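Work through the following exercises with the sequence and coordinates open. Each task is followed by its solution.

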Amino acid sequence: MPRKTIVCRCEDVTADEIRASIAHGLRDIESLKRFHALGTGPCQGKMCLVNLARLLLEAGIPAAEIKPIVSRPPGAWTPLAAFAGRKAGERS
Amino acid sequence: MSRIHDRRIYHQGANDFGRGEPVRLRFEGYRLRAYANEPVAVALLANGVRTASRSLKFHRPRGVLCLGGRCFSCLARVDGVPNVRTCRVACRDGMTVRRESAVPQAGCDVLRAFDFAFPKSLEYHEMFTRPAPVNKMLQRAVRVFSGGGDLPDRAAPAPAIREKAVEVAVIGGGPAGMAAALTAAAAGARTLLVDDAPELGGHLVGWPEPLDGFADGPAWIQAQLAALDKAGVEVALGAECLGRYREGFWAFYADGALTLLTPRRTVLATGAYDQPPLFPNNDLPGIFSTRGVSKLVHRWGVRPGDACLILGVDDLALSLAERLPEMGVRVVGLATEARQVAGDPDRAEKIRGRGVPIFLGYRAARARGALRLKGLRLEPLDGGEPVDAPCDVVAAGGPPAPSWELAAQAGGNVIYDAARGGFAATCDKTGRTANSDVFVTGEMLGAAPALTAAARGRAAGLAAALDLHPDETVAAELRRTTEN
Amino acid sequence: MTGPRTIIIGGGIVGLSLAWNLARRGWTDVTVLERDHLNAGASARCGGGVREQWSSADNIRIMKRSVRLFESFPQDTGFNNWFRQCGYLFLAYSDEQAALFEANVKLQHENGVASRLMSPPAIQRLVPEINLDGIVVGAFHQRDGVCFPFAMVWGYAKVCRELGVRVLPGHEVVGLEMRGRKLTGVATNRGAFAADLVVNAAAAWSPRIGEMCGVALPNHPEKHEALVTEALHPFLSTCLVPMNSGMYAAQTMRGELYACVGLQKGPAADYDPSFAFMRKVSRLLIDLLPRAAGVKALRQWGGFYDITPDTNPIIGYVAEPGNFYQFHGLMGHGFMFAPALSELVADHLAGGKLDPDIANYGVERFARGGLEAEKLIIG
């Protein structure tokens with residue numbers, strides 16, 4: 001049975017993949033996020049960013065260099081229809 | 001699923017788990033027994049469906065982790081809508097539920113071949129770039145397997161967008177949020193309390209222990225509800241906060257429609273996220289967060305499995321170790337990397353006395369199992385013989401990670417703070433962030449027992465209300481609250 | 001050492017593709033300075049659309065070359081860019097727009113691009129989910145398509161490094177050093193770099209770079225926003241551009257629906273996402289693809305178009321300093337033009353040969369009133 005340690009459950013990113021990238025010089029969260037799609041899936045990092053930070057600390061990156069990803073609305077995925085509605089007093 | 005079984009607990013003292021009417025779900029050709037107030041994810045577990053989904057790249061069987069709407073492992077197609085969090089949808093008679101993105105179906109997915117073909121990693125950035133015809137085939141193949149569900153069956157209506165203003169909005173209705181709403185209202189502020197779950201209380205809905213003189217979490221929550229009602233706090237449930245837009249309002253999504261909220265002060269009490277453990281095969285069905293198991297068992301009365309290993313020895317872990325056997329779940333042991341028990345040592349002794357081992361100074365080395373959890377290997381940190389614990393449930397403790405996103409969107413300063421368990425917004429002792437209109441409280445400041453979270457919430461609620469309704473008595477109360 | 005000591009300011013697709021082309025022409029001392037990590041700027045914020053359907057002959061010619069380069073990118077760099085040639089389908093909602101399409105298709109044919117007009121029934125067959133209401137005619141070209149934008153930056157960075165180009169993220173330019181009428185160096189937050197040639201490829205920030213040596217540039221950043229939805233199984237067969245709104249919508253390689261549309265004109269200062277954009281783009285998407293109404297929006301973000309007064313690029317030396325080369329003003333389509341433009345710019349810099357297709361893009365043209373505007377600007 002394959003023995004993977006899953007770091008990002010949404011995008012199926014393994015600890016081996018992350019460690020390899022850190023060793024290759026990707027040492028900040030934004031770059032790792034883009035390269036692996038980690039934190040870009042449905043949960044937007046809730047399940048994986050702190051574990052990723054642990055892997056960075058393990059690799060010797062100082063805590064002061066570990067910055068959160070940029071958070072933006074919509075922070076929860078929401079049907080497009082909800083945004084398309086009329087506001088009170090507005091014609092369609 | 002080879003057998004239909006019912007993992008529900010039907011008689012637990014006076015607790016009937018609030019199930020509601022019996023209903024039938026249509027699930028992948030089966031008709032499952034469910035109840036009107038059960039979340040679909042819970043009904044599936046109750047019926048022995050352990051594989052909640054298949055993972056995106058490797059098609060590994062995935063289990064539910066948090067049962068709180070945060071881990072997104074429970075996604076399924078519900079009534080023709082893809083990627084629905086089944087832990088957030090209540091069962092309805094005739095509801096169709098189908099797990100997508102597996103061939104032929106999630107119970108047995110041939111695409112798991114990817115998991116075997118790529119045992120450690122799959123990085124497609126530099127794969128098969130030459131020759132061009134092979135590259136084109138790779139490209140087509142990757143696209144075929146992309147995505148998590150089909151387009152919805154139908155168009156959906158676009159309901160009107162509401163706008164609303166309040167004096168104090170409290171976002172998050174766990175112990176801290178409820179406390180903040182109570183003190184803000186008592187201090188004279190028109191207060192709205194919002195939570196994305198169908199009921200208030202956060203993870204306390206599954207808290208099995210006596211709390212502040214009440215029998216358990218749900219009983220304590222009931223008392224808070226009565227107080228909130230008496231204080232005239234407006235409560236909105238099932239409303240998920242999408243965040244703060246540059247136009248200056250918070251957007252919420254509830255029942256298919258958006259509300260744009262403009263509060264004068266905001267108290268964020270969105271708690272902390274259960275974190276998955278990190279060891280090989282940490283995503284197997286059967287590996288839950290400890291709070292997830294507690295909710296499953298105590299709030300909804302469903303057994304997660306037959307044999308449970310608990311990672312962690314704090315009071316919640318000890319409580320589960322005591323109660324799970326009463327629910328028909330054998331506890332095979334507790335384990336922690338720490339050298340001593342974090343919870344009550346007398347309780348721990350009694351648990352040992354019943355033959356349940358407590359492994360101190362052990363780390364979880366790896367889980368085993370093909371389709372679901374079969375066992376967990378524990379390794380002593382000091383070297384020595386590992387322990388292979390057969391189990392089909394792991395309750396993974398470990399500090400949850402504070403939520404921080406809404407604070408960041410409002411201009412708060414978010415840093416990595418290991419002491420708090422992850423990323424967290426900086427704030428003063430009342431919880432005021434870099435945006436002086438916005439406070440953070442509760443477990444956003446780090447994991448804490450419920451009453452500590454509530455104390456934090458009281459301070460934030462007072463401070464928020466004080467900005468709007470200056471009052472020396474309230475100010476004195478705030479000073480007292482923050483001195484402790 | 002072959003070639004001048006060259007500093008390229010800007011590590012997006014423009015700067016990196018130029019650096020690679022210079023290195024391939026034998027230049028050995030090329031440095032790319034990027035103030036952030038790779039894939040922080042416009043190259044990472046765009047939709048990755050690539051098309052040959054343009055309304056001017058030079059744009060068509062340049063993009064024909066660029067499309068070839070997108071096609072061969074995996075073989076050229078060893079990095080997958082997932083270029084899916086699913087076509088671009090422009091949709092006309094009025095007789096005026098239909099007439100524009102007819103003229104465009106004619107011009108495209110004259111320039112060797114086999115685009116074609118498409119009737120509403122054919123459109124319905126190509127995109128079964130589409131709402132045909134109001135559509136008069138479509139313009140379609142199969143060779144157009146969409147790729148994964150991050151990959152282009154990573155791929156170019158990879159081959160740059162293989163050829164000895166120094167690619168330096170985290171280096172923000174804070175000043176330009178001049179002696180006499182030439183630049184002699186670039187000062188950054190992490191040290192100074194000597195230079196014989198400085199290329200300004202900083203897109204929306206190019207005017208700020210220009211200011212550092214007294215060069216006034218007429219382009220400005222204009223904020224556009226984009227949205228992606230939850231990832232769905234592949235269904236959208238092509239890239240859609242309804243001309244009544246200028247929205248661009250496509251399905252990414254991961255299955256997300258991507259859409260972008262401009263909101264308001266005028267200079268922009270931040271990337272903050274707006275609710276107004278979500279309303280506008282949601283309504284447009286639902287109008288176009290009614291079944292998308294229940295699809296969940298996942299994330300939105302902002303990015304900058306690099307707007308010039310006449311919608312054409314700013315490419316070429318300025319009068320003073322004489323070794324300061326401009327390569328920006330690429331509006332909202334710099335991403336797709338960069339590979340081909342970089343070849344032409346490298347020919348100019350390294351070979352002294354100025355291709356007629358870019359010869360009129362010097363910044364001095366604005367004093368004379370600028371060029372004719374491109375009509376197929378979208379997004």
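Two residues are in contact if their C-beta atoms, placed from the backbone, lie within 7 Å. This is a predicted model, in which local features need pLDDT of at least 70, side-chain atom pairs count only at pLDDT 80 or more, and totals for chains, interfaces and linings use all residues. Residues are numbered from 1 along each chain as its sequence is written, and chains are lettered from A in the order in which they are written.

**Exercise 1.** Describe the side of chain A that touches chain B.

*Solution.* Start with the count: 42 residues of chain A contact 57 residues of chain B. Next, assign elements (DSSP runs numbered from the N terminus; helices are H or I with at least four residues, strands E with at least two). Helix H1 (15-23), helix H3 (49-58), strand S3 (78-79) and helix H4 (80-84) of chain A each supply at least two residues. Finally, sort by class (Ala, Val, Leu, Ile, Met, Phe, Trp, Tyr, Cys and Pro nonpolar; Asp, Glu, Lys and Arg charged; the others, Gly among them, polar). This side of chain A has 24 nonpolar, seven polar and eleven charged residues.

**Exercise 2.** Do the equivalent for the side of chain C that touches chain B.

*Solution.* Here 29 residues of chain C meet 30 residues of chain B. Two or more residues come from each of helix H3 (57-77), helix H6 (149-162) and strand S13 (220-231) of chain C. The classes on this side of chain C are 15 nonpolar, seven polar and seven charged.
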